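Reader: I should be grateful for a close look at one buried serine in this protein and at the parts of the fold that surround it. Please give the account as one connected description.

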Amino acid sequence: MSDLAAARARYVELIAKRERISSPRLLGALAAVPREDFLARGPWRIKSEAARSYRLTPDADPVHLYDNVLVAIDARRKLDTGLPSLWAHFIDVLDVRRGGRVVQIGCGLGYFSAVLSHLVGSKGRVRAIECDGRLAARAANYLHGYRNVEVIKGDGCEDIGEPADVIIVHAGFSHPHPLWLQSLRPRGHLLVPLTQRDREGAALRITRKGKGFEAEAVQQIRIFPGKGRGVTALDDRVADWWQRASALAPLRFRGIAQGLPSDG
């Protein structure tokens, strides 16, 4: 086994052990997608989850990417790739099925779009939405060979296309946008990080059940803030609710999404 292949195997084993992931399909997808294919050429600026500053990899050998590290996309903006273990955990709890339709809000450079592509298979579809034109163009280039992935440069708070089985939001918002809730198919799942202005908050998994929704706080999170139509429209109206919901994590609570007002 080559050094790179061994590093990839350890990477998958590390994520599986840390997040207690047993899904062969998800672990297979993580093993199949080369992380270096969704980044600029190295050396790379990387940091661990707890680190405050980046360190530069010694060279451009992709072996350095196969660890549970953040990789800088734009260090000046503190914009990084998603932490592999964190987003693998989120994808795991969303129960992404073969043939399903997945929408990503904020796909970044497309690495997790490729992982999701493997999970939905050739009969499924992934709609990867990115509001940053430069990131969207790079993601479209990196994902060129993934025929079941469509990269859209646009606002995921305005249009996500037809209803979806899974919607996964890769940025922090003050509330679940009504469009996302309305676009969930029956028994569909939405994963959205609910954060305040300091980027701190909790990721919620919201499931459509009959005429209402059930929500569960999955994990505390600190994440880059999202942008889009209506993002701040509900801030004042959900402030009290968010304080209560934050205090409840990680307990399960029902009906919270059903009572959210529309922002028009």
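Author: The residue in question is S113, which lies in helix 4. The model is a predicted one, and every value below is computed from it.

S113 is buried, with a relative accessible area of 0%. Its side chain makes a polar contact with the side chain of Q104, at 2.3 Å. Neighbours within four places in sequence aside, the residues in contact with S113 are Q104, C107, V126, A128, L143 and V149. Q104 therefore appears both as the polar partner of the S113 side chain and in the list of contacts, where a cysteine, C107, is also found.

C107 deserves a closer look. At 8% relative accessibility, C107 counts as buried, because the cut-off for that class is under 20%. C107 is in no disulfide, and the nearest cysteine sulfur, that of C131, is 9.6 Å away. Another cysteine, C157, is buried as well, at 2% relative accessibility. The closest cysteine sulfur to that of C157 is again in C131, at 8.8 Å, which is too far for a bond. With a disulfide taken as two cysteine sulfur atoms within 2.5 Å, the count comes to zero.

The helix that holds S113 also has a place in the wider interior. In soluble globular proteins, nonpolar side chains tend to be buried together. Here the largest nonpolar core has 53 residues, and those with the most contacts inside it are L30, I91 and V96. Two or more residues come from each of helix 1 (3–19), helix 2 (24–32), strand 3 (70–74), helix 3 (84–93), helix 4 (111–120), strand 6 (125–130), helix 5 (133–142) and strand 8 (164–169). Helix 4 gives the most to this core, with seven residues.

V96 shows how this core is joined together. Apart from neighbours within four places in sequence, V96 is in contact with R25, I91, V102, L116, L119, V120 and V166. A second, separate core of 23 residues includes A164, L184, L194 and A215.

L30, named above for its contacts inside the largest core, belongs to a set of buried residues in helix 2, namely L26, L27, A29 and L30. They cover an arc of only 155 degrees around the axis, and therefore lie on the same side of helix 2. Helix 4 is again involved, since what covers the buried residues of helix 2 includes helix 1, helix 3 and helix 4.

The loop between helix 3 and strand 5 (101–105) contains G99. G99 counts as partly exposed, at 41% relative accessibility. Residues up to four places away in sequence aside, G99 touches V120, K123 and G124. V120 is also among the contacts of V96. The C-alpha atoms of G99 and D165 are separated by 9.8 Å, although these residues are 66 apart along the chain.

Some loops show backbone features of their own. R20 lies in the loop between helix 1 and helix 2, and its phi is near 55 degrees, a positive value in a residue other than glycine. R20 counts as exposed, at 75% relative accessibility. K78, in the loop between strand 3 and strand 4 (79–80), likewise has a positive phi of about 55 degrees although it is not a glycine. K78 counts as exposed too, at 58% relative accessibility. In the loop between helix 2 and strand 1 (45–47) is P43. A cis peptide bond joins G42 and P43, with omega at about 5 degrees.

These parts sit within a protein chain of seven helices and twelve strands. Of its 264 residues, 52% count as buried, S113 being one of the buried residues. Among contacts between residues at least 6 apart in sequence, 59% join residues at least 24 apart. The chain exposes about 13,400 Å², and carbon and sulfur atoms supply 47% of that area.

To return to the serine: S113 is a buried residue of helix 4, its side chain in polar contact with that of Q104, and helix 4 gives the most residues to the largest nonpolar core.

Methods:
Residues are numbered from 1 along each chain as its sequence is written. This is a predicted model: local features need pLDDT of at least 70, side-chain atom pairs count only at pLDDT 80 or more; totals for chains, interfaces and linings use all residues. Side-chain values use heavy atoms; hydrogens and water are left out. A nonpolar core is a set of buried Ala, Val, Leu, Ile, Met, Phe, Trp, Tyr and Cys residues joined through side-chain atoms within 4.5 Å. Buried means under 20% relative accessible area, exposed over 50%, partly exposed in between (1.4 Å probe, protein chains only). Helices (H or I, at least four residues) and strands (E, at least two) are DSSP runs, numbered from the N terminus. Contact means heavy atoms within 4.5 Å. The arc is that of the directions from the helix axis to the C-beta atoms. Accessible areas come from the Shrake-Rupley method with a 1.4 Å probe; for residues, only the protein chains shown count as cover. A polar contact is a pair of N or O atoms within 3.5 Å; within protein, one must be able to donate a hydrogen and the other to accept it, and residues adjacent in sequence count only if both atoms are side-chain atoms.
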